[in-house]
Amino acid sequence: MIYDADYIVEEKTIVRLFEKNGKKAIRHDTTLEPYIYGLAEEDISRKLSTICAERRGEKVCVKNVELVEKYFAGKKRLFHKITFRHPQDVPSLREEIKMFCKIFEYDIPFVKRFCMDRGIVPLEHIERNPLKVMSLDIEVLCHGAPNARGDPVIMISTWGERGKVFSWKRADTEYVEFCKDERDMFERFFSFLQEEDPEIILTYNGDNFDFPYIEERCRILRIKNAFLDNLAIKKRTRGSEASMVGIVHVDMYPIMRRTMSLTRYTLEDVYFELFGVEKKDIDTGLIPKYWEKEDTRMILAEYALSDAEATYKIGASFLPLQYELCRIVGQMLFDISRSSTSLLVEYLLMRHAFQKNEVVPNKGHGSEGTYEGGFVMEPRKGLHEHVVVLDFKSLYPSIIITHNIDPQTIDCPCCKNNVAPTGHHFCMKKDAFIPSILKTLLEKRGEIKKKMKSDEDKSLYFQQWALKILANSFYGYLAYPLSRWYSKECAEATTAWGRQYLKTIMESAQKHHFSVIYGDTDSLFITMGDANTDNVRHFLEEVNSQLPSPMELEYEGYYQTGLFVTKKKYALYNGKILTRGLEIVRRDWSKIARDTQKSILSTVLQGNPQTAAEIIKDVTKRIKNGDVPIEDLVINTQLTMPPSHYKTKGAHVIVAERLMEEGQEVRVGDIISFLVKKGKGLIRDKAVTYEEFVKNKYEYDPDYYIQNQVMPAVMRIMTAFGYTEDTLKYEKSEQKGLEEWF
DNA sequence: CATTATCGGGG
DNA sequence: GTGTACGATAATG
């Protein structure tokens with residue numbers, strides 16, 4: 001069973017397949033040569049085979065050219081199959097080749113190409129060959145943002161078959177291994193890793209934090225070993241990726257972002273959401289204090305261990321889904337765990353294209369203007385009771401299948417009866433590429449769900465989930481301008497049909513005397529007068545008998561109350577609060593704004609907007625009177641470039657410039673913390689650091705904190721009750737328009 | 001209103 | 001690495 005792969009170059013390009021069949025082995029495969037296709041409008045094989053270029057002072061040439069028959073967009077065409085000695089020769093030679101013919105499949109990474117062409121199914125027998133998983137996490141001694149240049153790693157925690165913490169100050173627990181110093185800690189940790197020899201290392205944000213940090217510290221400490229030689233931190237446009245040869249690093253953070261819908265994705269939040277219990281947490285500002293004394297160092301060790309354990313547990317819950325995605329898509333775990341769903345769809349389509357002898361279209365070039373998306377109804381604002389949510393089961397996939405939407409079927413000479421609201425029509429006779437793959441996915445999912453009723457096999461659940469994720473990503477893939485099968489017309493037709501179906505259902509719901517409160521793309525929110533859902537069931541049956549298969553409207557859930565503010569902004573309550581688009585969670589808001597918002601949202605959903613109004617008045621009063629602790633007023637913003645590069649300078653940039661003039665060290669990437677002091681003028685001219693604020697005994701600007709912080713945060717919620725800003729602020733006490741919402 | 005800039009996760 | 005590619009939201013002009 002293959003769990004990872006890479007390639008090296010000797011005389012030939014060698015794909016190394018990392019396998020586990022009982023025990024581990026590395027298999028070499030030299031059967032695939034790098035290649036691309038050139039459209040053969042005429043046979044120019046001889047010309048093409050002489051093309052050479054220079055790369056780093058070395059001459060590289062096309063290795064071979066042969067004529068092959070392939071399909072392109074469903075039509076038989078002749079292509080030159082152009083082979084190379086080295087994958088890296090492709091980018092060096094393709095520009096020159098492009099001068100003579102149209103080229104295709106010139107940008108497919110070699111190992112991915114190998115997986116598609118050889119029909120590799122990674123992790124095919126994972127139930128028989130369970131992979132050894134180990135999580136890791138580091139703790140850093142820092143004041144403010146951690147900086148690898150000066151702030152040492154103080155603990156490394158791991159979890160797997162056992163929990164272990166490496167620390168270079170004593171802590172009296174059996175799981176802590178005491179090390180002499182930081183260097184000794186790293187060395188012991190690396191040899192531990194070598195002994196354990198896991199196939200998978202799990203982290204939480206290890207791509208951007210733990211591994212880059214470890215690498216930098218080891219460089220500073222001049223530690224060298226095989227593990228570090230095999231560790232690669234690749235810079236991407238956004239963030240980085242940390243990989244090792246023969247060990248799959250899976251960073252759970254990006255997976256959780258894609259898989260769960262939360263407002264925040266800290267380890268603590270994710271853990272709580274998944275397991276319903278609070279994970280051990282500490283104020284990271286206190287780490288230096290805990291580290292200092294032997295009796296409190298335990299707290300730190302426990303925290304370190306709990307992070308590694310939580311990461312491991314999250315992995316145990318979500319790796320199976322990644323495994324299934326690997327098997328369906330046919331690419332390696334490292335890539336699958338970091339790929340957007342659009343990219344997963346692309347790998348899958350490319351593999352199918354190879355099997356059908358189709359040449360893969362080239363990537364799109366970028367945005368070609370926007371078009372209309374799903375229908376979003378302006379909600380009936382305010383608090384509603386007995387809310388039922390209905391949604392279309394896989395709306396876009398079922399539309400694509402039902403109407404056979406594909407770049408190859410668009411505007412055929414036949415089938416003029418299958419017309420989208422956009423005016424384009426689609427051929428119903430052809431077995432189209434994308435709809436047929438999509439149909440296979442949905443049918444497979446149906447079978448698995450059926451099987452799940454009698455079969456206990458847990459992997460079935462993850463199989464159907466993986467299939468659902470992929471199916472639901474096809475529309476986004478068609479609509480993504482950089483994708484290889486991008487088609488604005490197809491995407492547009494899909495959403496247009498979607499709007500038509502949703503509007504029809506909404507009208508129908510109204511005819512059945514439900515009150516429609518809100519609807520977005522594939523869902524509608526209705527109220528029923530009481531908690532009896534029988535009428536809804538009837539309505540669903542009737543609707544579904546009329547919808548073309550596989551389209552289906554489903555019952556999503558019942559909620560005691562629902563608060564609707566504007567399009568895309570609402571909250572539902574059924575013992576638990578579920579919010580969409582309402583909460584502010586970012587660090588560039590002050591604590592007072594965040595806290596106030598949280599408390600009024602909860603109050604409102606329990607049916608007490610008056611109380612919420614009182615809370616707001618009380619907070620604004622406290623701000624006016626200067627009663628708010630200044631810690632709650634601090635705003636943190638990152639300096640992302642040198643101050644002189646800014647075209648528009650925000651408050652934090654002005655503060656950073658002043659600090660630099662005063663000779664303080666301010667670096668790009670630093671978080672600038674500031675408060676807004678009382679006075680006239682622009683916000684940025686009133687921004688001062690915490691130290692300046694305290695030293696000069698400034699007063700804060702109550703108007704700023706009310707107008708720009710607390711009010712925007714709470715007004716998102718309170719406008720739904722007809723409150724205006726003026727009625728909520730401290731000065732006035734009038735509450736108008738309240739009764740009409742009840 | 002459009003344009004420019006920032007957030008996230010980690011300590 | 002035969003790969004450029006986040007998506008949402010706030011502040012400024």
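**Figure 1. K63 and E33 meet in a salt bridge.** K63 is partly exposed, with a relative accessible area of 38%. The model shown here is predicted. The side chain of K63 meets that of E33, with 2.1 Å from N to O. The two residues are 30 apart in the chain, so this pair links distant parts of it. E33 sits in the loop between β3 (23-29) and β4 (35-39). K63 sits in the loop between β6 (58-61) and β7. E33 also counts as partly exposed, at 31% relative accessibility.

**Figure 2. Four strands form an open sheet.** The order across the sheet is β7-β8-β4-β9. The pairing is antiparallel. Strands of a sheet pair through backbone hydrogen bonds. At the edges lie β7 (64-72) and β9 (103-104), and each of these strands pairs on one side only. Look at β7 beside β8 (residues 75-83): the two pair in the antiparallel sense over 9 bridges. L67 has H80, in β8, as its bridge partner.

**Figure 3. K98 and E95 form a salt bridge within helix α2.** The distance from N to O is 3.5 Å. Both residues belong to α2 (residues 89-98). They are 3 residues apart, which means that about one helical turn separates them. Both side chains are partly exposed: K98 has a relative accessible area of 47%, and E95 has 46%.

**Figure 4. R658 and E692 join two helices.** Their side chains meet in a salt bridge of 2.9 Å, N to O. R658 lies in helix α20 (residues 651-661), and E692 lies in helix α21 (residues 690-695). The pair therefore ties together parts that are 34 residues apart in sequence. Is each partner buried or partly exposed? R658 counts as partly exposed, at 25% relative accessibility. E692 counts as buried, at 13%.

**Figure 5. Salt bridges with shared partners build a network.** Four residues take part: K20, K24, D197 and E199. The salt bridges among them share partners, and this joins the residues into one network. The structure as a whole holds 41 salt bridges.

**Figure 6. The protein surface near DNA strand B.** This surface has 32 residues around the strand. Which of them come nearest? They are G144, A145, Q638, T640 and Y646. On the DNA side, sugar and phosphate account for 68% of the atoms that come within 4 Å of the protein. By type, the surface residues divide into 14 nonpolar, 9 polar and 9 charged.

**Figure 7. Three side chains reach the backbone of DNA strand B.** A polar side-chain atom of Y253 lies 3.3 Å from a sugar or linking oxygen. The side chain of R257 has an N or O atom 3.3 Å from a phosphate oxygen. Y303 likewise places a side-chain N or O atom 3.3 Å from a phosphate oxygen. Four elements give two or more residues to the surface near the strand: β10 (133-140), α7 (252-259), α10 (294-329) and β24 (635-638). β10 gives the most, with 4 residues.

**Figure 8. Chain A is divided into four domains.** Domain 1 covers 2-117, and domain 2 covers 133-331. Domain 3 covers 382-579, and domain 4 covers 588-741. How far apart are the C-alpha centres of domain 1 and domain 4? They lie 57 Å apart.

Notes: Residues numbered from 1 in each chain as written. Chains lettered and ligands numbered in written order. Predicted model: local features only at pLDDT ≥ 70, side-chain atom pairs only at ≥ 80, totals over all residues. Heavy atoms only, no water. Near = heavy atom within 4 Å. Polar contact = N/O pair within 3.5 Å; in protein donor to acceptor, adjacent residues only side chain to side chain. Nonpolar A, V, L, I, M, F, W, Y, C, P; charged D, E, K, R; others polar. Domains from an automatic or database assignment. Pairing = 2+ DSSP bridges. Buried < 20%, exposed > 50% of the residue type's maximum accessible area, 1.4 Å probe, protein only.
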